[in-house]
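Thanks for making the time this morning. I would like to walk you through one model, element by element, and I will try to keep to what can be read from the coordinates.

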Amino acid sequence: MVTPPEQPKDLYVRRMFARIAGRYDVMNRLMTGGQDVFWRKIVVRYAHLKNGESLLDLGTGTGDIAQEVLRQVPGVKTVGGDFTLEMMYVGRMQPTKQQILWLGCDAQKLPFSACSFDAVVSGFLLRNVTSVDIALREQYRVLKPGGRVVALDTTPPPGGLVGKIIRLYLRFVIPLLGSLISGQKDAYQYLPNSTTSFLSANDLAEAFVRAGFTDVNFEKKMLGTVAIHWASKPVSM
Ligand SMILES: C[S@@+](CC[C@H](N)C(=O)[O-])C[C@H]1O[C@@H](n2cnc3c(N)ncnc32)[C@H](O)[C@@H]1O
């Protein structure tokens, strides 16, 4: 991973997203062929939100998932939390994102009391945190009993020829696109590296169980390179 050893991961991640904030959305569309928009719609659908409920979109970045929440269920109290303020500034300037309650926060130490939210969702957050276990325990803590969690993230490519082609795409095409579009080649080396070194979808599902969640499920998208996990906090503990 392109993480200098003297720099803690969270500091490296925050500085990296601060540098690419202005071009983050356009790079996402390019890297995924626009599929990321479709995955965020699924994430919100799996959160089963109702009017009047509260939702935390953690690692909200420029707020695309939070915006989709408000598009699907306009009456949801939607908090977008992230520790890279530069990403949220980009989102906050967009007219369609004015209803989001933006909040600077660390996913590993959430500034909310227990049982605050009906749902917690995240997109491409978990592979960036220092400890997935701590981040999931925090999400569990702030959820109300019966609350839902949904996480969208990349997952290591499958084996075989398809996996080889995907690894070549991650290793060569994405850094090239990143340097052409954002001028930040190293950031777009970190992103593919963090994908190949992240937990498999099965291992991530086990991390949800360790955190206390039940009814843990996942499905893969994009030739097995992206996974959506969803689970619940038990009603009685
Ligand atoms: C790849 S971006 C995803 C943004 C958005 N969720 C999306 O779907 O496009 C990951 C975001 O997670 C944030 N992030 C990473 N680690 C974090 C942490 N420990 N606490 C809060 N935010 C974090 C980054 O700052 C970045 O904005």
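**Helices, sheet and one loop residue**

Let me begin with helix α4, residues 64-72, in which Asp-64, Ile-65, Ala-66, Glu-68, Val-69 and Leu-70 are buried. Please keep in mind throughout that this is a predicted model. What do the buried residues of α4 pack against? Their partners are the helices α2 (24-32) and α3 (35-46), together with the strands β1 (54-58), β2 (77-82) and β4 (117-123).

That brings me to the sheet, which is open and is formed by 7 strands in the order β3-β2-β1-β4-β5-β7-β6, with mixed pairing. The edges are held by β3, residues 101-104, and β6, residues 214-221, each of which pairs on one side only. If direction is ignored, neighbouring strands of this sheet are turned by 15 degrees against each other on average.

Let me stay with β7 for a moment. This strand, residues 226-232, is joined by 7 bridges to β5, residues 143-154, and the two run antiparallel. Within that pairing, Leu-152 has Ile-228 of β7 as its bridge partner, while Arg-148 stands opposite Ser-232 in β7. On the β6 side there are 6 bridges to β7, and here too the strands run antiparallel; one of the residues involved is Lys-221, whose bridge partner in β7 is Val-226. β6 and β7 form a hairpin with 4 residues between them, and Met-222 in the turn has a positive phi of about 50 degrees. Is β7 mostly covered or mostly uncovered? It is mostly covered, since 6 of its 7 residues are buried.

Now to the helix packing, where α8 takes part in two contacts that I want to describe in turn.

The first partner is α7: helix α7, residues 160-181, and helix α8, residues 187-196, pack at an angle of about 155 degrees, with their axes 8 Å apart. Angles over 145 degrees count as roughly antiparallel, so α7 is roughly antiparallel to α8. The crossing of these two helices is right-handed. From α7 the contact is made by Arg-167, Leu-170, Ile-174, Pro-175 and Gly-178, and from α8 by Tyr-188, Gln-189, Pro-192, Thr-195 and Thr-196. Sorted by class, this contact has 5 nonpolar, 4 polar and 1 charged residues.

The second partner is α1, residues 9-20, whose axis comes within 10 Å of that of α8 and crosses it at roughly 125 degrees, which makes α1 oblique to α8. This crossing is left-handed. On the α1 side we find Lys-9, Tyr-12, Val-13, Met-16, Phe-17 and Ile-20, which meet Ala-187, Tyr-188, Tyr-190 and Leu-191 in α8. The class division here is 9 nonpolar, no polar and 1 charged.

Finally, I want to look just beyond α8, at Ser-200, which lies in the loop between α8 and α9 (201-210). Why does Ser-200 count as partly exposed? Its relative accessibility is 29%, and partly exposed covers the range between under 20%, which is buried, and over 50%, which is exposed. Leaving aside residues up to four places away in sequence, Ser-200 touches Thr-155 and Pro-156. As a gauge of distance, Ser-200 and Glu-86 are 114 residues apart in sequence and 30 Å apart in space, C-alpha to C-alpha.

Key: Residues numbered from 1 in each chain as written. Predicted model: local features only at pLDDT ≥ 70, side-chain atom pairs only at ≥ 80, totals over all residues. Heavy atoms only, no water. Pairing = 2+ DSSP bridges. Axes fitted to C-alpha atoms, helices over the stretch in contact; angles between N-to-C directions. Parallel < 35°, antiparallel > 145°, perpendicular 65-115°, else oblique. Left-handed = near helix turned anticlockwise from the far one by under 90°. Contact = heavy atoms within 4.5 Å. Nonpolar A, V, L, I, M, F, W, Y, C, P; charged D, E, K, R; others polar. Buried < 20%, exposed > 50% of the residue type's maximum accessible area, 1.4 Å probe, protein only.
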